[in-house]
Amino acid sequence: MNRLVIVSNRVADLSSSAQAGGLAVGVGDALRQRGGVWLGWDGQTLKYEEPPEPRIRKIGPVTQATIPLTQQDYEEFYLGFSNSVLWPLFHYRLDLVDYKSDFLDGYRRVNGKFADALLTVLQPDDVIWIHDYHLIPLASELRQRGCTQRIGFFLHIPFPPPEIMAAVPKHRWLVESLLDFDVIGFQTNTDLGNLQHYVEDQLGYQMNGNRIKIDDREVIAGCFPIGIDVDAFNQMAQQGNEEVQIEMHRRRVLGRQQIIGVDRLDYTKGLPDRLRAFGRLLELFPELRKNVALMQIATPTREEVEAYVEIRKELEALSGAINGRFADFNWTPVRYMYGTVPRDALAALFRASQVGFVTPLRDGMNLVAKEYVAAQSIDNPGVLVLSKFAGAAEELREALIVNPYDSDDMARTLCHALTMPLGERQERQQALIDRIRKKDARWWLNTFMDALENNQYTPANC
Ligand SMILES: O=P(O)(O)OC[C@H]1O[C@H](O[C@H]2O[C@H](CO)[C@@H](O)[C@H](O)[C@H]2O)[C@H](O)[C@@H](O)[C@@H]1O
Ligand SMILES: O=c1ccn([C@@H]2O[C@H](COP(=O)(O)OP(=O)(O)O)[C@@H](O)[C@H]2O)c(=O)[nH]1
C-alpha cells in the first residue's frame, strides 16, 4: 500500500475532540484508519516569510506537517480569494462576493507555497489527496515542479452551475487547473453534473461516463459523498456527558421536547430563516408553547469577513425578539449559544433532542445531519428535518425534507416531527442509519483511494 499524503488548508487537532468544521472531522476519521501524512496551515500568521520546511509532529499513525502563513497570505488567500470570492460563489451567493485583484495573486502565491512545502516531505511512491477550494491550483503547481505522483482532489463544498461559475474571476483558468488532477471528487451528483456542463460547454472536452479525456490523459470525475464513523459517534452519544444527562432528566420531568441546531455561524447555514421558522411554529401551534425549546449552537468562524459580522448581529437580534415575545418566567423558547462545543457533548445533545433541525440554504454535505442520525437510539429515535439544499439530502431521503426559504413549510414540518408516532420514527431511523452505515468514513476513503490508486471507479448509487 502506498503512503497517503493529504493536503488541506485546515488540519484537525487530532489530540482534541473539539473540531469546528466537517473537513477536519471527515479527513481526521479517514486518516486515523489508514495512517499517512497530513499537511496544512498551522493556523498561525507571521509577519515574515519562513523557509518552506513544515513543522513535523507524529500523532498515532498520522504525521502532521504544518506551515504558517504570513499576515498578507492570510488576508489575500484565506480571507480574500478563498472565503470572500470562492466560498460565496460556490454557495450560489453572488451578492456576497468581495473581489480585489490582490486576492488572486495571493491565492496563486500560497498554492505555490503549499507545493514547495509538500515537495520537502514527498516520497516517490506516495499518493497525494488534496482537499477543498483553497487548493484548486495545487496539482498544476506540483506538476510545474516535476511531481509525477498520482494526485486526487475532493471538493467539500458545492460546485455551482456554469452561469454562476462564470462570475469567478479567471474561471477558465481555475477549472483548467482542476483538470490537472487525476481524480476529482464531489459530494453530490448535482455538483458532478455542474462540472460536466462546464467542461463540455465552456472548455469543449467530452465526459464519457465518469472520464474526461484531455490530450493523452484521462481524468476521473466522480461522486463520493463524505461519511462519518457511525459506531464511534453512537458510542459517544451513549456515554454522554454528565451535565447533558442532568439537563435531559430535568426536561423529561417537565415533559419538554427539544429541537437542536449546530452550525458554524455561516450565512450558508440558513440560521435566521431557521429561527424565524421556529417563531412561526410558536405562532401557528400555540399548544406547543412551553412544551418545546430550540437549542442553537453557533460556532464562531471567519469573523474577519464582513458578511459573518452581519449574520451574528442578525441572529442575536432574532433570538432576543422570539424570547421577548414568547418567554415565560419558567420557559425560554430559544437557547442560543455562541461557542465551540466538544463533539462528545454534541453527540449526547443530539441523542437527547427530539428533532435535529438542519436547514442550510446551500451546503456541500453537512455532517451534522449524519451525526444526528448516528446519535439516536432505535428504541426512541428523534426526527431529522433537513433542507433540500444540503448535499446530505441526496442520500438521506427518509428525513423530513424542507425548503429553507419557506418558514411556514418548516414550521408545519417541525410540528409533524414533534408529534410523529413511534412506529414511523423507528422506520425512518432504520432506513437512515442503514444509509449512513453503507457510505461511512471508511467507504469514502476506500472508494476515493480505489479511483486514485487503481484507476477504478463505479458510480455510487446515492
Ligand atoms: O476552515 P474554516 O474556514 O474554519 O471552515 C471550516 C470548514 O468548512 C467547510 O466544510 C465543508 O466540509 C464538510 C465535510 O465535507 C461538509 O459537510 C460541509 O458541507 C462543507 O461546508 C469547508 O469546506 C472546509 O474547508 C473548512 O475547513
Ligand atoms: O461546536 C461545534 C460545532 C461543530 N462541530 C463539528 O463540526 C462539524 C461540522 O461539519 P459540517 O459538515 O456539518 O459543516 P461545516 O462546518 O464543515 O460547514 C461536525 O462534525 C460537528 O460535529 C463541533 O465539533 N463542535
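This report describes the domains, the two ligand shells and one helix pair of a predicted model.

Residues are numbered from 1 along each chain as its sequence is written, while chains are lettered from A and ligands numbered from 1 in the order in which they are written. In this predicted model, local features need pLDDT of at least 70 and side-chain atom pairs count only at pLDDT 80 or more, but totals for chains, interfaces and linings use all residues.

**Domains**

The protein is assigned domain 1 (4-227 + 441-454) and domain 2 (230-438); such bounds come from an automatic or database domain assignment. Their C-alpha centres are 30 Å apart. The contact between them takes 24 residues from domain 1 and 23 residues from domain 2, where two residues are in contact if their C-beta atoms, placed from the backbone, lie within 7 Å. On the domain 1 side, α1 and α2 (71-90) each supply at least two residues. Helices (H or I, at least four residues) and strands (E, at least two) are DSSP runs, numbered from the N terminus. That side of domain 1 has 11 nonpolar, 13 polar and no charged residues. Here Ala, Val, Leu, Ile, Met, Phe, Trp, Tyr, Cys and Pro count as nonpolar, Asp, Glu, Lys and Arg as charged, and the others, Gly among them, as polar.

**Ligand shells**

A residue is near a ligand if its C-beta atom, placed from the backbone, lies within 6 Å of it.

| Shell | Residues | Closest residues | Classes |
|---|---|---|---|
| Ligand 1 | 16 residues | G21, G22, H156, G364 and M365 | five nonpolar, seven polar, four charged |
| Ligand 2 | 20 residues | G22, V25, V341, L367 and V368 | 11 nonpolar, six polar, three charged |

Ligand 1 lies between domain 1 and domain 2, because both give residues to its shell. Helix α1 gives the most to this shell, with three residues.

The shell around ligand 2 draws at least three residues from each of domain 1 and domain 2. Elements that give two or more residues to the shell around ligand 2 include α1 (22-34), β11 (257-264) and α13 (367-375).

**A helix pair**

The axes of α10 (residues 271-284) and α11 (residues 306-326) come within 9 Å and cross at roughly 10°. Axes are lines fitted to C-alpha atoms, for helices over the stretch in contact, and angles run from 0 to 180 degrees between N-to-C directions. The crossing angle makes α10 roughly parallel to α11, a term for angles under 35 degrees. Among the residues that make the contact are L271, L275 and F278 of α10 and I311, L315 and L318 of α11. The contact residues divide into 10 nonpolar, two polar and two charged.

Key: Parallel < 35°, antiparallel > 145°, perpendicular 65-115°, else oblique.
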